[in-house]
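Visitor: I would like to learn how to read the features of a protein model, one at a time. Could we go through one together?

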Amino acid sequence: MADIEPYENALDAIPGAHPYPRTSRYHDAEIGVHRQPDGTEVRYTKRRLLPPLDQSPDGDETQPHTVGAGDRPDLLAQRYFGDPSQWWQIADANPVLDPNELTDQAGRVIDIPLAGGVPGGVPGGFPQGGRRV
């Protein structure tokens, strides 16, 4: 087992491979390579800037959600997108530094992006209530 390569090295053998799954917020992030003085290459994910939502005049790229008691970003992602790991789409659509700020106050109104409203997001998300239309 001494010669097992780490996950990142295994990806180098696959042309065009990316270390993040398609549903990750980092999937479209650029991968950089830093060469150390000894020639060793270290791969890293370059900074990801928050993508702007393309707001149309009637504001149909997001829908409002009034935070209720017990709401959490992951639970809202499950409700609206059918996948709790997509909480980052909601965080990206709202001006907060900490995703927990989204739901820390009942009554707060936050934006929920509609399917395809966040670049790199999962298309075909679920509407409110978790049902496909």
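**Reading the fold, the pairs and the core**

Visitor: Which share of the contacts between residues at least 6 apart in sequence joins residues at least 24 apart?

Guide: A contact means heavy atoms within 4.5 Å, and among contacts in the protein chain between residues at least 6 apart in sequence, 50% join residues at least 24 apart. Please keep in mind that this is a predicted model, in which local features need pLDDT of at least 70 and side-chain atom pairs count only at pLDDT 80 or more, while totals for chains, interfaces and linings use all residues. Residues are numbered from 1 along each chain as its sequence is written, and side-chain values use heavy atoms, with hydrogens and water left out.

Visitor: How many helices and strands are there, and what pattern do they follow along the sequence?

Guide: Helices (H or I, at least four residues) and strands (E, at least two) are DSSP runs, numbered from the N terminus. Here the protein chain has 3 helices and 4 strands, and read along the sequence they follow the pattern α-β-β-β-α-α-β.

Visitor: Which way do strands E1 and E2 run, and what lies between them?

Guide: Two strands pair if DSSP finds at least two bridges between them. In this model 5 bridges join E1 (residues 31-35) to E2 (residues 41-45), and the two run antiparallel. They form a hairpin with 5 residues between them, and Gly39 in the turn has a positive phi of about 95 degrees.

Visitor: How many salt bridges does a search of the whole structure find?

Guide: A salt bridge is a side-chain nitrogen of Lys or Arg within 4 Å of a carboxyl oxygen of Asp or Glu, and the search finds 3 of them. One belongs to the hairpin, where Arg35 stands opposite Glu41 in E2 and the side chains of Arg35 and Glu41 meet at 2.5 Å, N to O. Another joins the side chains of Glu30 and Lys46 at 3.3 Å, N to O; this pair links distant parts of the chain, with Glu30 in the loop between helix H1 (7-12) and E1, and Lys46 in the loop between E2 and strand E3 (62-66), 16 residues apart.

Visitor: Are Arg35 and Glu41 buried or exposed?

Guide: Buried means under 20% relative accessible area, exposed over 50%, and partly exposed in between (1.4 Å probe, protein chains only). Arg35 counts as exposed because its relative accessibility is 53%, whereas Glu41, at 45%, counts as partly exposed. Of the 133 residues of the protein chain, 26% count as buried.

Visitor: Which elements give two or more residues to the largest nonpolar core?

Guide: A nonpolar core is a set of buried Ala, Val, Leu, Ile, Met, Phe, Trp, Tyr and Cys residues joined through side-chain atoms within 4.5 Å. The largest one has 11 residues in all, including Val67, Tyr80 and Ile110. The elements in question are helix H2 (73-81), helix H3 (87-92) and strand E4 (109-113), and H2 gives the most, with 4 residues.

Visitor: Why do the buried residues of H2 lie on the same side?

Guide: An α-helix has 3.6 residues a turn, so residues three or four places apart point the same way. The buried residues of H2 are Pro73, Leu76, Ala77, Tyr80 and Phe81. They are on the same side of H2 because they cover an arc of only 105 degrees around the axis, where the arc is that of the directions from the helix axis to the C-beta atoms. These buried residues of H2 pack against E3, H3 and E4.
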